[in-house]
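Let's walk through this model together, beginning at the ligand and moving on to the way the chain is divided. Keep the structure open beside you as you read.

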Amino acid sequence: MTGGPAPAGLGAGDWFQELLFPHARQSFEITKVLYRERTAHQDLIIFETPTYGRVLALDSIIQVTEKDEYVYHEMMTHMPIVAHGRAKRVLIIGGGDGGILRETLRHKAVQRVTMVEIDRSVVDMCLEYMPSIPQKAFRDRRTDLVIADGARFVAETDERFDVVIVDSTDPVGPGEVLFTEGFYRNCHRVLTPGGILVNQNGVPFMQADEVTMTYRRRRKSFKDVGFYVAAVPSYYGGFMTLGWASDNPKLRAVPNATIARRIAAAGLRKTKYYNFAIHQAAFALPAFVHPHIR
Ligand code: SAM
């Protein structure tokens, strides 16, 4: 099972079942279904829950919740931008809820953020029903929203970026192309020298094959490929691995004093998950993940 439309007629008192894994599921009690649409790309539902606040699911796979979105959005954004140190142009692939965009724009040195999202409905409905996530990010003068396939964009653009953040769905449906060797080759093509690519890479306890798959495919284009971790409560199965790729291994080992200085300079004091100690620790992978990185 890797996703599919949620049952019709879901309402208050029903339970939303995530359909990401074939033999294990998590369920969320629904207090109210706020919006439902079969878009041109996927089944979109936004519903209210007692535990996670408002929740967005696409093809019955949990994407983002109001209560724990900060973990993933801070870790996918501040890790590469702080490690890079001089990022001015950032490309976000996917990310329709606006959380990555919001966190990227906190870096005043970033002059332009191009976001390539395939499904306009995700942007519109998150703005309408989950405004605490995008906040004012889509109205920022540095934001350039492109509604298109991210794989096609990186294949065709002649623009260049210092950091590329792939905030995609899982490798099913429209997201599948964002896990291919050709996509990673084009991400490498659009990065400036010293650039960093990070990508959503699943939960290794449940999706270890995705660790091996993206490692091998990114390895074909990047000199230094690895992972870092973040614990997102609503992503079932334990901590997530986030993909990291660049041509300079030192970017994963930036001296502590430099990280601390850059965090202070960026004014990142009010983060809720990311901090100096997490930046150092996040690259430490549990032993069970290593055999899959080959
Ligand atoms: N944080 C979530 C996670 O870890 O699974 C992802 C959230 S974000 C809503 C995922 C976005 O990727 C969706 O808005 C979806 O429309 C977008 N997407 C999927 N395939 C895409 C593609 N080929 N090009 C651009 N955006 C795509």
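**Around the ligand**

In this predicted model, a nitrogen atom of the ligand sits 3.0 Å from a polar backbone atom of P174, where a polar contact is a pair of N or O atoms within 3.5 Å; within protein, one must be able to donate a hydrogen and the other to accept it, and residues adjacent in sequence count only if both atoms are side-chain atoms. G150 also offers a polar backbone atom, 2.8 Å from a nitrogen atom of the ligand. From Y235 comes a polar side-chain atom, and its distance to a nitrogen atom of the ligand is 2.9 Å. Step back a little and you will find 25 residues surrounding the ligand, each with a heavy atom within 4 Å of it. The closest are Q42, E117, D149, G150 and Y235.

Before going further, a word on the ground rules: residues are numbered from 1 along each chain as its sequence is written. The model is predicted, with local features needing pLDDT of at least 70, side-chain atom pairs counting only at pLDDT 80 or more, and totals for chains, interfaces and linings using all residues, while side-chain values use heavy atoms and leave out hydrogens and water.

How is the protein chain divided? It consists of domain 1 (15-65) and domain 2 (69-292), with bounds that come from an automatic or database domain assignment. Their centres, taken over C-alpha atoms, are 23 Å apart. Contact here means heavy atoms within 4.5 Å, and 25 residues of domain 1 touch 22 residues of domain 2 in this way.

The two domains bury about 2100 Å² between them, with carbon and sulfur atoms giving 66%; this is the accessible area (1.4 Å probe) that the two parts lose on being put together, summed over both. F21, H41 and V64 supply 25% of what domain 1 buries against domain 2, more than any other three residues. Polar contacts link 9 residue pairs between the domains, both residues at pLDDT 80 or more. By class, the side of domain 1 that touches domain 2 has 15 nonpolar, 6 polar and 4 charged residues, with Ala, Val, Leu, Ile, Met, Phe, Trp, Tyr, Cys and Pro counted as nonpolar, Asp, Glu, Lys and Arg as charged, and the others, Gly among them, as polar.
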